[in-house]
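Open the model in your viewer and keep the sequence panel beside it, since this tour moves from one selection to the next.

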Amino acid sequence: MSDIEHVDVHDDPRKWSKARKRFTLAVVSCASLLLTLAVSIYNPAINNIIADLHTTYEQVSWTLSTHALVTGCTPLIWGAFTELYGRKAVYLVSISLFIIGCAVAGDAKSIGVLIAMRVIQGIGGSAVLTIGAATLADIYDPKERGSVMGLYYAAPLLGPALGPLIGGVATKLFSWRATFYFLAIFGGVSLLAFVFFKDTFRRERSLSYQAAVKQTMQKRLASLEDSEPSLNANTEKIDSIDKQDPEIQNVPDFQEVKIGLRQMPMLRPIILVLRRPNNLCVLLASGLIYGGISYCLAYTVVRTFGAPPYNYGSLELGLVLLSFGVGNMFGSLLGGRWSDYTRRKYQEKHDGISKSEHRLHSTKIMMPVLPAGLIAYAWMAEKKVNIGPICVALFFIGFSAIWIYSSILAYIVDANAGRSSSAVSVNSFFRGLTAFIAAEVAVPLQNALGDGGLYTLMAGLMLVECGLILLLIAKGSEWRERAEERERKANA
């Protein structure tokens with residue numbers, strides 16, 4: 001059976017020069033900083049925003065939770081657009097929205113306006129981080145993706161590393177509004193870079209687009225075959241191609257078919273992703289690690305260390321969060337390489353047969369480190385110890401969390417060939433939903449349980465997340481292959 005990832009296409013992105021691939025990786029990676037910077041640059045300024053806009057922590061949490069929710073939901077829509085109009089058009093439109101949201105947020109005079117603009121900012125920024133993984137899947141083969149995903153995700157993880165520092169400095173020297181103006185300028189630079197970006201999307205390698213074309217052609221031929229008997233041969237041609245290769249569903253070249261958004265199956269690819277048990281398992285694990293760590297931890301750190309006995313200002317808070325961000329960055333770089341190495345090792349062990357699940361073995365080494373780091377942080381923060389050991393704990397939390405997450409992200413792409421953008425979009429939805437919940441419950445749980453109880457609970461959730469990955473290692477291949485066979489029979 002043919003492999004849809006390697007169908008012959010014009011100007012095949014997989015065959016581009018190393019220089020062009022690196023330029024594409026650099027542009028997409030830098031642009032993916034927009035969303036993570038928008039989250040992290042904001043945290044050290046929270047106390048200043050509360051004072052300036054005369055609001056509360058509970059109200060400010062809505063600027064975080066609504067932002068998280070829309071960054072999770074809108075990729076489902078962006079994913080459909082990118083399957084129709086390509087990657088470049090979506091990048092240009094979404095970054096423009098991001099710039100507008102940042103510029104207006106910087107001038108906000110009330111918490112309501114700030115919340116609304118954070119929503120616009122999130123809608124725009126979400127496309128870049130989501131479509132970025134699909135863009136890299138367009139140009140790199142599965143055997144290279146672990147390292148590439150590690151490099152790619154290291155760039156947006158500079159957000160958690162540099163964002164708090166930039167936000168702290170900008171807030172201290174100017175005001176919290178300067179953080180949004182900085183983001184607007186950075187968005188403008190990214191927008192300019194995408195003007196020179198060459199689209200990587202090829203419709204022949206998209207199951208969603210091929211399904212839409214097939215359905216449209218069959219309807220058109222069915223309506224004309226009575227008056228044009230010669231078209232019966234073409235109808236048989238479509239059917240014969242599908243029988244030879246039901247997954248790819250190649251489209252004949254004899255007629256140009258125009259597809260609009262109305263013809264695109266927006267829900268079907270999402271449903272097919274969610275119908276696979278292996279996907280549900282990895283998506284839940286992804287949501288737990290992203291929502292619990294990236295949103296809950298970063299927000300509560302500001303409350304913990306902005307209060308007595310620490311009483312840190314925006315700059316000091318940025319430096320504390322820097323340790324977490326640096327851990328993220330190194331975990332992504334090293335974790336991606338280890339993921340590729342592990343996949344190659346298991347491929348050799350299985351007589352050259354490579355399975356998507358093989359790379360998940362690379363997460364085992366960090367499974368004890370993540371909950372241990374959370375428990376260490378929990379009780380050191382609870383007991384208000386010296387900040388040095390706390391920063392070490394934050395580093396290892398960031399390092400181990402992203403080490404695991406980089407393999408999860410690469411697996412989501414590998415295990416959904418032909419639907420990578422839909423799968424990554426669904427992953428963003430799970431992340432956004434858990435981040436929304438985490439941002440809303442963080443303050444009440446911190447008030448009720450303290451840092452000790454809150455992050456001991458979080459360590460327990462990370463054990464659940466590790467359990468899901470171990471279940472996927474044991475059963476994922478069987479589940480995935482059974483689902484693929486069911487889909488092939490349905491399309492036959």
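How many residues has α8, and how far does α8 reach from its first C-alpha to its last? Helix α8 has 19 residues and reaches 28 Å between those two atoms, close to the 27 Å expected at 1.5 Å a residue, where the expected span is 1.5 Å times one less than the number of residues. Helices here are DSSP runs (H or I, at least four residues), numbered from the N terminus.

This is a predicted model, in which local features need pLDDT of at least 70 and side-chain atom pairs count only at pLDDT 80 or more, while totals for chains, interfaces and linings use all residues. Residues are numbered from 1 along each chain as its sequence is written, and side-chain values use heavy atoms, with hydrogens and water left out.

Next, colour the buried residues of α8, among them F180, L183 and F194; buried means under 20% relative accessible area, exposed over 50%, and partly exposed in between (1.4 Å probe, protein chains only). Their cover includes α1 (18-40), α2 (46-52), α4 (87-105), α5 (111-139) and α7 (158-173).

Now select V195, which lies in α8 (residues 177-195) and counts as partly exposed because its relative accessibility is 46%.

Finally, turn to the largest nonpolar core (buried Ala, Val, Leu, Ile, Met, Phe, Trp, Tyr and Cys residues joined through side-chain atoms within 4.5 Å). Of its 109 residues, L114, I293 and Y377 touch the most other members, and helix α16 (residues 420-491) gives the most to this core, with 17 residues. A second, separate core of five residues includes A68, Y290, Y295 and A435.

Definitions and conventions
Contact = heavy atoms within 4.5 Å.
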